Each structure stands twice: as structure tokens, then as C-alpha cells.
Amino acid sequence: MKRNGGALMPLLWPTVSVHKITDIKAEQLHAMGIKALILDADDTLSGHGEQVLFPGVETWLASMKASGCAMLIASNNFKERVEPFAKKLGLPFISLSLKPLPVGLLRAVHRLGTKRSETAMVGDQLFTDILGANLIGLRSFLVTPESMEARFGFRRRLEVSIRKKIGYGVLGGKEKLNGK
Ligand SMILES: [Mg+2]
């Protein structure tokens, strides 16, 4: 598969597609030259609007921090949802981040203090997280929301059909996934 899917919807194409956020490994980020992650909240770290993390995410966050990876939560959800969540995790945050518009993600990169080339977005939605990352030249990790099958709406259905084309794994050809 060509980088960014070739001519096929390049702006919706993630760098890497994984099942869960915990599938992203520090060694992989190191190999990709990524020093910071911008994390989506809903359906990426936890269920939609929920304060309880998905299994394994707390340990994953701790190991990422220990590896020296800087992290920040950027959510389109309200401050009331994001702030207690981010505080509990000890992470900086941007609420109402307006993804996929560049404004919030550019602020996120600025706060992280990394270059765009060293920063990756992690999220579950093609039309906000991945599109937003591609618009400002960030690499991206697409995770699969557990609740996706249960959701309705045109955008989600469109996502499902595009995701079938994306599949899983490294899409860029140059990146390394789990040392392979
Ligand atoms: Mg989300």
C-alpha cells in the first residue's frame, strides 16, 4: 500500500493503524523519531464521555511517560469532560480543540515544545483526529473505537468503509511497527 493511500483520500490516511492505543510501543515511537503524542480522549483513552480508562491504558501512559514521551490531551469535547480526566492523568489538555481545524493542534504542538515532525496524533476518528494531523503535517495513529459498531450516523458508516481499506499496520512503508 502506498504512503497515505496514494491518490485515495490522502488526508484521511493515518500513518499507522492499530487496534488499541496500548498497541503503540515506545520503541516504535523512538524508531519513528516521535517525541510527543497528542492524545484524543473519547473512544481513544476511554469510552465516550467516561472518566474510566480502557483496560491497560493507565499502565501504558506510565510506560510512555517513563520513556520520555511528552503527551497532551486534545479533545473536541467540553472542558467539564476533559479537565477532570486530564488532571487525574496528570496531563496537560486542550478542550474544544476544534479538530480537524489546525488551530487546536497547532496550540498542542506549541505547548509540547516539539517540532511537528516529532509529534504524532493518536485518535479514533478519521474526520477529526487523522484529518487534523495530516492538515498540519503530523504523523498519526488510528485506533479502533470499541463502540464504533454500536454507533450510527453517516460519518461513522463512511468511516467503516474507509477503515476496511486501511486495515491494520504501518501504512507509510518507511515506518517500523514493533520492530518488524
Ligand atoms: Mg475520539
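The secondary structure of this predicted model comprises six helices and seven strands, where helices (H or I, at least four residues) and strands (E, at least two) are DSSP runs numbered from the N terminus. Colour the chain by element, and from the N terminus on you will read β-α-β-α-β-α-β-α-β-α-β-α-β. Residues are numbered from 1 along each chain as its sequence is written. Because the model is predicted, local features need pLDDT of at least 70 and side-chain atom pairs count only at pLDDT 80 or more, whereas totals for chains, interfaces and linings use all residues.

Next, select the strands. They form an open sheet of seven strands in the order S4-S3-S2-S5-S6-S1-S7, with mixed pairing; two strands are taken to pair if DSSP finds at least two bridges between them. The edge strands are S4 (93-94) and S7 (169-170), each of which pairs on one side only.

Now select S2, residues 36-39. Four bridges join S2 in the parallel sense to S3 (residues 70-74), with Ala70 of S3 as the bridge partner of Ala36. The chain passes from S2 through helix H2 (residues 57-66) to S3, and this β-α-β crossover is right-handed, meaning that, with the strands pointing away from the viewer, the path from the first strand over the helix to the second runs clockwise. S2 also runs parallel to S5 (residues 119-123), again over four bridges; here Leu37 has Ala120 as its bridge partner, and Ile38 has Met121.

Display the side chains of S2, and both faces of the strand prove to be covered, with Ala36 and Ile38 buried on one side and Leu37 and Leu39 buried on the other. A residue counts as buried if 20 or more other C-beta atoms lie within 10 Å of its own, exposed if 12 or fewer, and partly exposed in between, with C-beta atoms placed from the backbone. Leu37 is classed as buried because it has 24 C-beta neighbours inside 10 Å. Leaving aside residues up to four places away in sequence, Leu37 touches Cys69, Met71, Ala120 and Val122, a contact being two C-beta atoms, placed from the backbone, within 7 Å. To move on to the helix, draw the distance from Leu37 to Met64: their C-alpha atoms are separated by 9.5 Å, although the residues are 27 apart along the chain.

Select H2, whose buried residues are Trp60, Leu61 and Met64. Seen down the axis of H2, these residues fall within an arc of 100°, so they line one face of the helix; the arc is that of the directions from the helix axis to the C-beta atoms. They pack against helix H1 (26-32), S3 and helix H3 (79-89). Rotate to the face of H2 turned away from the buried side, and the exposed residues Thr59, Ala62 and Ala66 come into view. H2 is followed by Gly68, whose phi is positive, near 95°.

Finally, step back to the whole protein. Buried residues make up 38% of its 180 residues, and among contacts between residues at least 6 apart in sequence, 64% join residues at least 24 apart.
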